[in-house]
Amino acid sequence: MKFADLHLHTQFSDGTFTPEELAERAYKLGFGTIALTDHDTVEGCARTAIACAAAGMDFIPGSELTAEHEDTEVHILGYFLDTENPTLLARLAKFQAVRQNRIHEMVAALNKLGIPLKAESVFALANCKSPGRPHVARTLVKEKLIGNLDEAFEKYLKKGRPAWVPKTKMSALEAVELIHQSGGLAVIAHPGLNRTDDIIPDLVDAGMDGIECFHTKHSTVMSERYLEIAEKYELLVTGGSDCHGFSKKAPLIGTVKLPHEHIEKLYAAKKAADAKRAARK
Ligand code: AMP
Ligand code: FE
Ligand code: FE
Ligand code: ZN
């Protein structure tokens, strides 16, 4: 029976794999389906789709949108996105610009602390439109300005640390709406990691389609709890490793294997949503 990993990052955001490397690893691990969910971008989807097709795997184009609801940060996964949808691309471009400005602000904060990091070095290493804190951390390590990535987050980049800069986020309600108007299904990412339990009812009211029950950072108890929540609110069940390649020690791909029954339900939900949209036209 084939299984899926529906939460993966590439070099198009803060992962270290190219789309081709990611697809090759997924294939070798026996995956039948993968989804690409780079932060606030769909740029890597075209290449990943080609690589997956060549390997005989199913591919779901997606993205992980950074959003907020009532001061809680929540990551929202969009699946089956139309990666050429102009409204989607325009909104993503805005939040990519926010991310780029934030790099300048983080570098300025580090400079104030006496750390001679240049924004250009971070952009050169990131080489993508959707840069983030991991790129700052990796550049600090590369330039021997800090010992390792963990230290970079602990000392400077974690929330509350001196080079932490808040990020302007879209509202969770807009994220759901944006995903739907791009033909996608919206899924709450790693609820156990962001501690978003209190806002789940609001997100369900906003039209959330699913919840990521299986995630590398979810314990078995957590996964079971979110499976119960999924049943209660009639949400789709998804799961993925949140692999960032070598950005975080060993690659996580292969640690989460979403069973086939959930993949089938996801495809069925996409079909039903498309039929509903077509009927409305
Ligand atoms: P950003 O989107 O710029 O706020 O960065 C968030 C990303 O940083 C997450 O998606 C993770 O990939 C990574 N990250 C967050 N906290 C840590 C940490 N303590 N150590 C390593 N990576 C982290
Ligand atoms: Fe990330
Ligand atoms: Fe996330
Ligand atoms: Zn992620």
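A residue counts as buried when its relative accessible area is under 20%, and H39, at 9%, is therefore buried. This is a predicted model, and the briefing below follows three metal ions in it and the residues that hold them. The zinc ion (ligand 4) lies 4.6 Å from the iron ion (ligand 2), while 5.8 Å separate the iron ion (ligand 2) from the iron ion (ligand 3).

**The zinc ion (ligand 4)**

- Coordination of the zinc ion (ligand 4) comes from H7 and H9, each through NE2, together with E64 through OE and D242 through OD, at 2.0 to 2.2 Å.
- The angles among the four donor atoms run from 79 to 167°, and the site of the zinc ion (ligand 4) is irregular.
- Along the chain, the donors of the zinc ion (ligand 4) are arranged with the spacing H-x1-H-x54-E-x177-D, and distant parts of the chain are linked by the pair of H7, in the loop between β1 (3-5) and α1 (19-28), and E64, in strand β3 (residues 58-69), which are 57 residues apart.
- Both H7 and E64 are buried.

**The iron ion (ligand 2)**

- The protein donors of the iron ion (ligand 2) are D14 through OD, and H39 and H244 through NE2, at 2.1 to 2.2 Å from the ion.
- The sequence spacing of these donors is D-x24-H-x204-H, and here the pair linking distant parts of the chain is D14, in the loop between β1 and α1, with H39, in the loop between β2 (31-36) and α2 (45-55), 25 residues apart.
- D14 has a relative accessible area of 7% and is therefore buried, and H39, with 9%, is buried as well.

**The iron ion (ligand 3)**

- E64 through OE, H75 through ND1 and H190 through NE2 coordinate the iron ion (ligand 3), at 2.0 to 2.3 Å.
- The donor residues of the iron ion (ligand 3) follow E-x10-H-x114-H in sequence, with E64 in strand β3 and H190 in the loop between β6 (185-188) and α8 (191-194) forming a pair that links distant parts of the chain, 126 residues apart.
- The relative accessibility of E64 is 1%, so E64 counts as buried, and H190 likewise counts as buried, at 2%.

**A residue named at two sites**

- E64 is a donor, through OE, to the zinc ion (ligand 4), and E64 also coordinates the iron ion (ligand 3) through OE.

Conventions:
Residues are numbered from 1 along each chain as its sequence is written. Chains are lettered from A and ligands numbered from 1 in the order in which they are written. This is a predicted model: local features need pLDDT of at least 70, side-chain atom pairs count only at pLDDT 80 or more; totals for chains, interfaces and linings use all residues. Side-chain values use heavy atoms; hydrogens and water are left out. Donors are N, O and S atoms within 2.8 Å of the metal (3.2 Å for Na, K and Ca); water is not among the atoms, so sites may look incomplete. Four donors count as tetrahedral if all angles lie between 85 and 135 degrees; four count as square planar and six as octahedral if opposite donors are over 155 degrees apart and all others between 65 and 115; anything else is irregular. Helices (H or I, at least four residues) and strands (E, at least two) are DSSP runs, numbered from the N terminus. Buried means under 20% relative accessible area, exposed over 50%, partly exposed in between (1.4 Å probe, protein chains only).
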